[in-house]
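Reader: I would like a close look at one part of this model, namely its side chains: where they lie, whether they are covered, and what they pair with. Could you begin at the surface and work inward, giving the reasoning as you go?

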Amino acid sequence: MTEKELRKKAMALPLQPGVYIMKNKDKKIIYIGKAKKLKNRVSSYFGSHSNHSLKVIRMVENVDDFDYILVDTEFEALVLECSLIKQHMPKYNILLKDDKGYNYIKITKGEFPKITECKRMDDDDAVYIGPYISNFSVKQAVEETLKIFKLPRCNKQFPRDYGKSRPCLNGFMGICSAPCAARITKEEYVNNVNDAVAFLKGGSQKAVKELTEEMNRLSENLEFEEAAKLRDRIKSIKNLDEKQKVVSINVPEEDVFAVVNGKKKACFEVIRFQNGKLTDSEHWLIDSVDDLPSARFELIEQYYSMRNRIPSRIAVDGDVEDEELLIEFLESKREKKVQFIHPQKGEHLSIINMCIRNANEHLAQNQGRLGKEFSALEELAELLALPKPPEYIESYDISHTFGADNVAGMVVFHNGRPMKSAYKKFAIKGFDGQNDVGSMNEVLTRRFNHYFNDEEGSTFKILPDLILLDGGQPQVNAVLPVIEKMGIDVPVFGMVKDNKHRTRAIAFGGGEIEINYKRSAFTLVSNIQEEVHRFAISYHHKKHKKSSFTSGLLNINGIGEAKAKALLKHFKTISKIKESSVEELSECDSISSKNAQDIFNFYHNM
């Protein structure tokens, strides 16, 4: 069907709740949605696309037909939509892959058993503890157990490698008993493994009680060295308990959700608490979303469609579309009350922030960035009211000496880091004299002419997400008409300095934004401003030095700019030109015998 035919069909739908099913020309389902009023919702896809995201536009371009199912209530539409999405997994729905299997703790057989975490039980005569649902908990438990009982984490095989090498860093730090260096006997090693397994099976309280009893017995028998080892082990277990209390909340159970949106990808993060302790953490990388409240609804709905446990409290990092409807859906599954909270202060806000930091880190790793850099870009986007973190930032600065040798430097920061391969230099050509505003206008005009005219592969073909100019409102006002005239949609801001040449604020068309209180964004902008200033001024100094050399030659009769440049290219320095004979000067291209004589006479006062 054409879009016009699809709209006509949509306009004939009733104003009732239901589910709509979009199909492509091969009759394959590509999107499933719910609606309180089918006619209004479905017809909105066909017609004007001015309010649609790129993802929706692409989906609509692939729609050849649609079906629908009427229901009595919006709640029934939600339940049906959820069921159909799980069944058909449509391409344009936000989808979470449920790859959460069972997890085990494995204890190998042999003279030197090893404790590891694994995903499945093999027929290998090893002992397995589990299964566990939480991969996070299993990894954490194994890691802490190996540390407490000083068991090796390396790939060395014992007894084959027993006593054959120096200990690694863990051995020097005292968190491994270093069987590789024969610092522990086979019997001691096996005892440590047995104690570790008992700790994993019985928990910290039981372990502390049994170890304390054994420590007291050894002390009474005057075996103080062995008693001291147990004392240190008890201390390590108690320290672990204290560490776990740091990441805890004063409620029996709660799940915490956060969505961090990037330019191409978003990260959906979940942290789960039971009995006041952090018990699990999961994340999914999905395509970037256009509507965060709507995305939160879909993601939370799908998450609990894959999980049996629904807690009494759910903390979310922002607004959720149709929150009451989602609560009704979750309460019907849990058969008990469910409360959504949006923390603004206290421990719950700190847990939300921890969830956001984890999502930032996972997204940063996926996109080749450090978490702190992505956090800075997120903070900058929030500060400047940008729709998404600016991955590709261009910055410009003008440099000159009292209006002479005007140049501009352009630096690029990609994913919060300098991208030096994309740096560009501009020699101002339109005029002489001091005119920073006019220079900035010329440079941006030339830059975007390259965007339209260069061959593919040029970094000029990359459209920036943000432009930062060294300067205030005058520079911004000079550039805005340029990009508007060229039809370029890129936000432009100025970087304002204080009287000590440090970043103070960000300028835009209507005023200034203070950035000192946004520490990460402030540091990033300061780094960009320092880098573009360094790059522009180094180019200016180089050009000014060359210009100074050339200007001396221009005082010689018959030597113009072209011949002066030819001389510098041939001899490299003014000193060599001064020291050269008439014959040597004549060897330079474009220098005649008369020119050579005039140059020689000029420097030898003849």
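**From surface patches to buried pairs**

Author: Met 173 lies in helix 6, which covers residues 169–173. The model is a predicted one, and the values below should be read with that in mind. Met 173 has a relative accessible area of 53%, and because exposed means over 50%, this residue counts as exposed. Together with Leu 169 and Phe 172, Met 173 makes up a nonpolar patch on the surface, and the three residues have about 370 Å² of accessible area together.

A patch of another kind is formed by charge: Asp 290, Asp 291, Glu 321 and Asp 322 gather on the surface as a patch of negative charge. One of these, Glu 321, sits in the loop that runs between strand 10 (313–316) and helix 11 (323–334). Its relative accessible area is 30%, so Glu 321 is described as partly exposed.

Other charged side chains are paired. Side chains of opposite charge can pair when their charged atoms come close, and in this model the count comes to 21 salt bridges. In one of them Asp 65 is joined to Lys 9, with 2.8 Å between the closest N and O atoms. Asp 65 belongs to strand 3 (residues 65–70) and Lys 9 to helix 1 (residues 3–11), so this pair ties together parts that are 56 residues apart in sequence. Asp 65 is buried, with a relative accessible area of 15%, whereas Lys 9, at 26%, is partly exposed.

The neighbouring position in the sequence, Asp 64, has a salt bridge to Lys 27, whose closest N and O atoms are 4.0 Å apart. Here both partners come from loops: Asp 64 from the one between helix 3 (54–61) and strand 3, and Lys 27 from the one between strand 1 (18–23) and strand 2 (29–35), so that parts 37 residues apart in sequence are tied together. Asp 64 is partly exposed at 21% relative accessible area, while Lys 27 is exposed at 53%.

A further salt bridge brings the side chains of Glu 254 and Arg 313 together, at 3.1 Å from N to O. This pair links distant parts of the chain, with Glu 254 in strand 7 (residues 253–261) and Arg 313 in strand 10, 59 residues apart. Both Glu 254 and Arg 313 are buried. Elsewhere, salt bridges with shared partners join Glu 253, Asp 255, Arg 272, Arg 309 and Arg 334 into one network.

The cysteines can be treated in the same careful way, and the count of disulfides is zero. Cys 267 is in no disulfide, the nearest cysteine sulfur being that of Cys 355, 8.5 Å away; because a disulfide needs sulfur atoms within 2.5 Å, that separation does not qualify. Cys 267 is buried, with a relative accessible area of 0%, and Cys 82 also counts as buried, at 8%.

Lastly, helix 17, residues 561–571, has Ala 564, Ala 566, Leu 567, Leu 568 and Phe 571 among its residues, and these are buried. An α-helix has 3.6 residues a turn, so residues three or four places apart point the same way. After helix 17 comes Lys 572, with a positive phi near 75°.

How values were computed
Residues numbered from 1 in each chain as written. Predicted model: local features only at pLDDT ≥ 70, side-chain atom pairs only at ≥ 80, totals over all residues. Heavy atoms only, no water. Patch = residues over 30% accessible without salt bridge, like charges linked within 9 Å, V, L, I, M, F, W, Y side chains within 5 Å. Areas by Shrake-Rupley, 256 points an atom, 1.4 Å probe, with all protein chains shown as cover. Lys, Arg positive; Asp, Glu negative; His and termini not counted. Charge placed at Lys NZ, Arg CZ, Asp CG, Glu CD. Helix = DSSP H or I, 4+ residues; strand = E, 2+ residues; numbered from the N terminus. Buried < 20%, exposed > 50% of the residue type's maximum accessible area, 1.4 Å probe, protein only.
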